[in-house]
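Okay everyone, thanks for coming. I'd like to walk you through a chain I've been looking at, so let me put it up on the screen.

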Amino acid sequence: MIPKLGQYFPEVPERLYAPLQRAVDRAALMGAFNPLELIDEVKDPEGQRLLLGTIGTLSKELPGREPVWQLQADARRELLRDLSDRGELEEMAGQARTAPDDRLGRFLVAMLRGDTVLPGAVRPNELDALHTAIEFARDVRAGIDGPQKVETILAQRDFDESIEFLLPRRFIGRRSALSRLQRFVQSGAQEEVIGFPAIPTGVVSGIGGAGKSALLAEFVRRQRRTPGVPIIWLDFDRASLASADPLDLSAEFSRQLARWRPDLAGALSEYRNFARDLSLESVLQEMSFEASARGASEAWSMWRNALGGHLPIKETVVLILDTFEEILLREPLELERVLLWVAALHEEGGLRNLRPILSGRAIPENLEFPSRFAAPRRITIDDLSQGEAADLLADDLERLGAAANRFPVQELAERFGGNPLLLKILARYCKNEGAEAARELLAGEGNRFGKEFGQAFLYDRILKRIRSDDPVVKELAHPGLVLRRITPDLIRSVLAEPCGLGDIDSSRASGLFDALAEQVWLVEPLPGQRAVRHRRDLRGLMLKAMTDSQSEKVREIHRRAHQYYADRCDMWLNEREQHDESLYHFYMSGGREQLRGEDAAAFIRRIGQDLEDLPVGARANLKVRVGRSLTEEEVGALDNDLRDRHEAERLKQRATRGTASNDKAASVAYQSSDALRMPHARAVPGESLTPLIEIRLAQADFAWLRDAFHPAFEEFRLLLTEGIKPRNLPADLTQLPLWRVAMISLREPAFIDRLDTALHSLETRRWNIPLVRGRKFSGAAAVAALLGLVGRPYPDWLPPTDLLAAGRLRSADELRLLQVSGPERPRTRSRIRVKLDLLAYLSPEALRDISATGGWPSHIGSYFRSILAARPVTLADIRRFRSEESDVDIALLPGHALPPALRGMTTEIHPAVRAVLDVAPWRAVEIAAELDELHPFWPSELRGTPFHDALQRDRQRWLATFIECADRLGELDRVVSAIAGVDARGAELGRIWYGYDQQLRRRIG
């Protein structure tokens, strides 16, 4: 790797290459490490700073008091491959010494040495580390078994732990609801919709703490007695599923299914590996709707390939979608995306007897489902009856070690109602304070004025029963809810003054802290610190009531806490943790700190569920900066600038996801109202026109796009001459608004001169600044490509660009630059390396040109033969040809035209083709039949009845998949010609395509 260090890290001087190499080699074999220990051989501060900065770019920081880092997954994988390529991997593993608590490092080193690690002999809390180690080790060492056994054990562990956590000691009440759930699962097939039975759907709904999860856990426990009924539980409260990305959902579904179906474990693991590659690709690329649609179709194709003869799965499979309110709080498209995934699981995934159950707070009665779903069976969870509440309270007391017969459980249940969470808090209090305290709770008004009053009343009564010889503790306990943690010094510096205690000394504060810490029903200790925090269920229940009833006191506590942490006064927290606490209290006191996106994301991640404590304005501000979905209330709290930013992000998401459904006009992602919100496109510093342009292109609104020349050029000018980069800068020149407008306008008589004049008017010395996200595609290269697109030669006033000098094309804009810019072509090279994904690599021209050079990767030739011989070609087979790093060699003859294979794909026009096909999808079926006759690699999913039915189920996704596949085989021209007569837009698309294709082929033989 040493020769690469200068390329990747030019700021590191050559004298530090060797210590840097040794440091990263050691880090590759360690799960976590102290970075200072890796560079201890370098003594000068400047060298240490450079090394730490370099290693830091490859690492992520783990929480802890000491600096603890861990290599990012991609960096570790690359470093291990480098060690293997140098022939030093086994020696390094033999010499490695791992810390006793470094589980990942211990397992990784053992496997790289060739030691056997049996999953069944590993402790449950080490399984995750073993799974990660297997994934890394098998990439560089042959003979290591895949992670299927570990994944099955992990799924079993996670499932058992989640059920045990959710289940009460004894299931009480909800008998009717439980019976209805069981009958739902056992119900027969429904009427058919588009060739498949309608999907039976259950909905479990109720307020927070009502016992929905306990009901489902009891249902699962009983169903486990019935072999052959797999139950998959997906909780949207889990960080790994928070995005509700279909690939993530499918991967987790397959992991849990393997637990129930060990015979499918190997096939499901193969599928997850494929899905992981697709997911990584989506992270690395700027995903358009076309790309995500293709990825979804390829993923389901891989599912079918992997499971093969096991499909369809006719047994009942229960799918629980828990904490579903997380999805409902987002935009309607989020809900629709999840429901479409469920439908695809049923239809494309072959689970013919799927039983989805949606569980969440307040799922509305009028929630609309796509047409493939049967009318939902609703089970509403209300409070327990008085008798059931008394039984649950008694059971909670017994579980805590208290004799229930000593307490007035019937009277308490009558007074405080049947909310299971409230009863749990009540039981904890009664157990710790005794029967007399419980009876005193019954005095007074109780919950006579409703549930919220009853909860506040209960908490107030509980506080008054604090056992302490010091009455001041009672004055501190309730206001202490405002803080996320309490220490003696926080009592002295923050709480004492607002609570009327005045200026107290450290000894007094310490005594009050000790008295408060004894109230174990109220607070819990924080490990390794002289600190406590209020129990989360109590704080969550009462913080809002406290804020509303004592607003001035609360605001003063927040203000003082903010200053306390800003001054870094807490000896138990590190710099970053105190910054988070300071910021939390700043927001809670009404502040509106403007964080950068990455800082906001880190802050949200670290404060977790306490984000919901923040005032709506601050919460909305943070969410919009990290691209999270907002509720209507949060959108209403945004200022004008952030509302514009939110609107731009919403448009971008709609552009990325395309039309989400065919069921009804209201659910179409590309609604005319989206573009009409900005009827006159304008260049706004900080926000790109890209999403709006993408939407208009996907509507084939060519007149609007031509009229957008001025704002598109102004955005380009601001970027090039003033360095004003839009927040959502595209990853490729062909996605920039100006390129899209130029593509549409090439056939207009005056456009070429208009663009030429505008580009010549640019005055800048910033020609080398990157114009796209994440790559060094410079302003000079962009201007050269635009001028070449309209047939103008490379101007003398434009600095040369060396983008093509390396003889390797990695992006669409680099390919376009080669196609349209004569002087910039490599003149002396006999070959050029091209990223395979850029090419129509299954077209006859590409097959011929690449084969003539011998430029296919070594595995491709046999792969061609094997997939044609084994079965009909599938979308997954076609996807397997390429990976993120797949390159091919193509021969170039100096002085001759470019070979036809270098015409490549034309993905930038796909949205417009889809828009025209959308009004005549039957033409896609007819064209597909023609292509099936012409091409041996035409995929089976795009043939005949399967394709026809797929278009009825999810038309936009399958049209996008069809267009991409046709282009991959070099047949996009046939598709455009076939739909030219559909309507006026089809005719105009034909003219636009002809002009654009002609320009890109000018230098192709």
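Let me start with a question: in which sense do strand β13 and β14 pair, and over how many bridges? They pair in the antiparallel sense, over five bridges, with β13 covering residues 831–835. If you want a spot to click on, Arg 833 stands opposite Asp 889 in β14. These two belong to an open sheet of three strands, ordered β12-β13-β14, and the pairing in that sheet is mixed. β12 (808–809) and β14 (887–891) are at the edges with a single partner strand each, so each has one side without a neighbour in the sheet.

Before I go on, please keep in mind that this is a predicted model. Now the overview. We have 1005 residues in the chain, and 55% of them are buried. There are 48 helices and 14 strands. Of the contacts with a separation of 6 or more, 71% are between residues 24 or more positions apart. The accessible surface comes to about 42100 Å², and carbon and sulfur atoms account for 50% of that.

Next, the other sheet I want to show you. This one is open too, with five strands in the order β6-β7-β8-β5-β9, and here the pairing is parallel. At the edges you find β6 (231–235) and β9 (377–381), each pairing on one side only. From one strand to the next, the twist averages 15°. Look at β5, residues 202–206: it pairs with β9 in the parallel sense, over five bridges. In that pair, Gly 202 stands opposite Arg 377 in β9.

What packs on this sheet? Helix α11, residues 212–223, does, and it touches β5, β6, β7 (317–322), β8 (354–360) and β9. The direction of α11 makes about 160° with that of β6. Then there's helix α12, residues 246–260, which lies across β6 and β7 and runs at about 145° to β6.

Now for my favourite helix, α38. It spans residues 779–789, and 11 of the 11 are buried, so the rest of the structure largely encloses it. Scroll through the buried ones and you'll meet, among them, Ala 780, Ala 781, Ala 782, Val 783 and Leu 786. The cover over them includes α35 (709–721), α36 (737–745), α37 (751–760), α39 (812–820) and α48 (984–1000). After α38 comes Gly 791, with a positive phi near 85°.

That takes us to the cores. In soluble globular proteins, nonpolar side chains tend to be buried together. Here the largest nonpolar core has 104 residues, and those with the most contacts inside it include Phe 716, Trp 938 and Phe 962. α38 supplies the largest share of this core, nine residues. As for Phe 962, its contacts beyond four places in sequence include Leu 917, Ile 927, Trp 938 and Val 975. Apart from that core there's another one, of 47 residues, including Leu 241, Leu 268, Tyr 271 and Leu 319.

One last stop: is His 585 buried or exposed? His 585 is buried, with a relative accessible area of 1%. You'll find it in helix α27, residues 575–588. The His 585 side chain makes a polar contact with the side chain of His 558, at 3.0 Å. Beyond four places in sequence, the residues in contact with His 585 also include Arg 484, His 562 and Tyr 565.

That's my tour, thanks for listening.

Definitions and conventions
Residues numbered from 1 in each chain as written. Predicted model: local features only at pLDDT ≥ 70, side-chain atom pairs only at ≥ 80, totals over all residues. Heavy atoms only, no water. Helix = DSSP H or I, 4+ residues; strand = E, 2+ residues; numbered from the N terminus. Buried < 20%, exposed > 50% of the residue type's maximum accessible area, 1.4 Å probe, protein only. Contact = heavy atoms within 4.5 Å. Areas by Shrake-Rupley, 256 points an atom, 1.4 Å probe, with all protein chains shown as cover. Pairing = 2+ DSSP bridges. Axes fitted to C-alpha atoms, helices over the stretch in contact; angles between N-to-C directions. Polar contact = N/O pair within 3.5 Å; in protein donor to acceptor, adjacent residues only side chain to side chain. Core = buried A, V, L, I, M, F, W, Y, C linked by side-chain atoms within 4.5 Å.
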